Amino acid sequence: MEKKKKATKPTRDDSESNIWSFVTQRGTTASFICITLFAILVRIAVSIHPYSGAGTPPKYGDYEAQRHWMEITLNLPVKEWYRNSTVNDLKYWGLDYPPLTAYQSYIHGLFLRYFDPQSVELYTSRGYESYIGKLLMRWTVLLSDVLIFFPAVIYFFIVYYSGVHNGSKSGMLWHFAMILLNPCLILIDHGHFQYNCISLGFTVAAVAAILSDRDIAGSILFTLALNHKQMSAYFAPAFFGYLFGKCLRCHNPFLEVLKLGLAVLGTFTVLWWPYLYSLEAPFEVLSRLAPFERGIYEDYVANFWCTSSVIVKWKRLFNTQALRILSLVSTVSTCLPSMLLLIMAPSRRNFLFGLLSSALSFYFFSFQVHEKSILLPLLPASFLAIDEPLIFRWLTYFALLSMFPLLRRDELVLPYVALYGLFVLLYNVPVQREATRETRSPFTTLKYFLTACSLVLHIVYLMVTPPRRYPFLFEAVMMLLCFSQFFFIFMYSSMKQWELLKLSSQTVREKKNS
């Protein structure tokens with residue numbers, strides 16, 4: 001399949017013609033609108049349930065953190081947003097995301113202040129939980145989703161199905177629904193309360209731009225994602241490897257690299273301009289983006305450090321500095337092979353697998369990973385859903401399980417069960433997609449066994465009290481199970497990249513011989 005794509009690589013004009021043909025001839029507009037409206041209704045339904053830290057002083061939760069950032073950015077000068085002071089106590093939900101998150105908080109704060117000024121008053125609004133305030137906060141997430149993530153997904157599908165992948169209309173619509181109705185993203189953003197839809201939306205748009213050979217636009221969009229949430233760096237090795245590999249195959253590699261570098265540097269300069277007035281100011285912001293003092297992990301997350309801590313007590317054996325170095329070396333050494341494979345074989349399909357491999361490498365080994373970080377590897381898995389349905393389904397199932405303790409604390413069990421069931425129903429809709437790996441898999445019995453274990457763990461966690469000596473026993477078992485499945489997916493993705501490298505090498509040899 002890769003050989004055909006390389007042999008008939010479309011030009012920019014061909015790509016634009018294909019996109020226009022896709023929009024005007026396929027008759028998919030009504031179906032896209034119906035799925036989009038349903039996805040909005042599902043988000044609204046989830047948003048009527050509780051959120052992180054509801055009614056739990058003194059610090060409440062992520063909802064209060066987001067509201068507090070609106071309060072700070074509205075009432076203080078931009079130079080004071082990341083600086084500890086008497087009116088900006090950084091110990092009380094200080095800003096710990098890059099400047100684009102701060103600008104987003106400012107814009108949302110203007111929206112809240114227009115309708116409910118008390119919700120963003122300096123200091124006195126701490127813990128503010130009025131009905132109108134909560135409604136407005138929920139609307140800011142929904143609007144961000146609809147204005148950024150939804151258009152980015154539509155853009156991705158227009159690009160993907162007009163030039164990268166040829167599929168049936170039913171399969172395409174199923175794929176669209178799988179991404180827009182992703183239960184993990186909906187539960188975290190519209191239940192728990194965050195704005196992952198913004199950074200993920202920029203990432204989706206960046207991937208779409210690069211798949212359509214708009215590399216400069218893609219670089220700018222990914223830089224926006226990186227400056228909204230630093231966790232977008234999970235994808236950085238894949239973006240770098242693919243783009244650098246493409247540049248090396250151009251007539252003037254240095255010029256191509258220079259153009260991309262200037263685009264990235266220019267975007268960073270614009271976003272960080274308020275903090276470039278001195279040498280100390282940017283480092284003041286950067287120090288807030290790396291919370292090393294919190295330890296290598298918090299709570300229970302299905303990555304290497306937390307899962308292995310059952311046997312190896314990392315926090316007791318090593319100090320923070322040693323753990324930082326260990327984490328850095330582990331992360332780089334596991335994502336480096338994927339990046340090198342992309343440089344050697346920069347195909348579009350390899351790029352998507354590279355995104356998955358890179359994101360899982362960071363999830364496993366980087367410092368201070370949260371349960372919600374599984375949303376990052378889940379994004380490229382959803383890109384591949386039509387060709388790798390089992391991998392997508394498997395990652396979604398165990399991503400949900402890994403976040404279940406967090407969502408239960410937020411009292412989101414009902415929407416969790418509802419969205420889990422909706423995902424199962426939609427996934428099993430009869431459409432034309434690659435299913436040979438599922439039907440012919442020799443591990444069918446193991447799959448059913450692991451699925452049963454997952455369901456049993458849900459029930460046990462809800463119904464059974466753990467032993468006093470091991471109060472987090474059930475969480476530890478959940479994380480061990482989830483980590484094992486995530487690692488299997490990581491190995492599979494890495495294997496696919498090696499296969500694509502071999503296919504690329506074979507194609508090159510055939511061209512030389514012909």
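Biologist: What makes helix H18, residues 375-383, count as mostly covered?

Modeller: In this predicted model, nine of the nine residues of helix H18 are buried, and buried here means a relative accessible area under 20%. The residues concerned are Leu375, Leu376, Pro377, Leu378, Leu379, Pro380, Ala381, Ser382 and Phe383.

Biologist: Gln368 is in the loop between helix H17 (348-365) and H18; why is Gln368 called buried or exposed?

Modeller: The relative accessible area of Gln368 is 8%, and the limit for a buried residue is under 20%, so Gln368 with its 8% is classed as buried.

Biologist: What makes the backbone of Gln368 worth a remark?

Modeller: Its phi is near 60°, a positive value in a residue other than glycine. Most residues other than glycine have a negative phi. Tyr123 can be listed beside Gln368, since Tyr123 has a positive phi of about 70° although it is not a glycine, and its place is in the loop between helix H5 (99-115) and H6.

Biologist: How do you know that the bond joining Pro57 and Pro58 is a cis peptide bond?

Modeller: The angle to look at is omega, which is about 10° for the bond between Pro57 and Pro58, and the bond is accordingly given as cis. Most peptide bonds are trans. Pro58 itself is placed in the loop between helix H3 (29-47) and helix H4 (62-75).

Biologist: Turning to helix H6, residues 131-164, where Thr140 has its place, why is Thr140 counted as buried or exposed?

Modeller: Relative accessibility is 1% for Thr140, and the class of buried residues takes values under 20%, so Thr140 counts as buried. Neighbours within four places in sequence aside, Thr140 is in contact with Met70, His108, Phe111, Leu112, Phe193 and Tyr195.

Biologist: What makes the pair formed by Thr140 and the backbone oxygen of Met137 a polar contact?

Modeller: A polar atom of the Thr140 side chain lies 2.5 Å from the backbone oxygen of Met137, and the distance limit for such a pair is within 3.5 Å.

Biologist: Both Ser494 and Phe487 lie in helix H23; why is Ser494 called buried, and what is Phe487 called?

Modeller: For Ser494 the relative accessible area is 18%, and because buried means under 20%, Ser494 with 18% is buried. Phe487 has 36%, and partly exposed covers what lies between the buried limit of under 20% and the exposed limit of over 50%, so Phe487 is partly exposed. Apart from neighbours within four places in sequence, Ser494 is in contact with Leu341 and Ser357. Phe487 and Phe304 are 183 residues apart in sequence, while their C-alpha atoms are 9.3 Å apart in space.

Biologist: Why does Pro99, found in helix H5, count as buried or exposed?

Modeller: At 0% relative accessibility, Pro99 counts as buried, the limit being under 20%. With neighbours within four places in sequence left out, its contacts are Tyr82, Asn227, Leu271, Trp272 and Tyr275. The C-alpha atoms of Pro99 and Ser504, which are 405 residues apart along the chain, are separated by 40 Å.

Biologist: And what makes Leu422, placed in helix H20 (residues 413-427), buried or exposed?

Modeller: The relative accessible area of Leu422 is 18%; since buried requires a value under 20%, Leu422 is buried. Leaving aside neighbours within four places in sequence, Leu422 is in contact with Phe38 and Val42, and its C-alpha atom is separated by 30 Å from that of Ala65, 357 residues away along the chain.

Biologist: How do you know whether the radius of gyration of the protein chain agrees with that of a compact globule?

Modeller: For 514 residues a compact globule would have a radius of gyration near 24 Å, and the protein chain has 23 Å, so the two agree. Along its principal axes the C-alpha trace spans about 75 × 55 × 55 Å, and the chain has 23 helices and zero strands.

Biologist: What share of the protein chain is buried, and what share of contacts joins residues at least 24 apart?

Modeller: Buried residues make up 55% of the 514 residues. Among contacts between residues at least 6 apart in sequence, 79% join residues at least 24 apart. The chain exposes about 23200 Å², of which carbon and sulfur atoms supply 67%.

Technical notes:
Residues numbered from 1 in each chain as written. Predicted model: local features only at pLDDT ≥ 70, side-chain atom pairs only at ≥ 80, totals over all residues. Heavy atoms only, no water. Buried < 20%, exposed > 50% of the residue type's maximum accessible area, 1.4 Å probe, protein only. Polar contact = N/O pair within 3.5 Å; in protein donor to acceptor, adjacent residues only side chain to side chain. Contact = heavy atoms within 4.5 Å. Helix = DSSP H or I, 4+ residues; strand = E, 2+ residues; numbered from the N terminus. Rg over C-alpha atoms; globule rule 2.2 N^0.38 Å. Areas by Shrake-Rupley, 256 points an atom, 1.4 Å probe, with all protein chains shown as cover.
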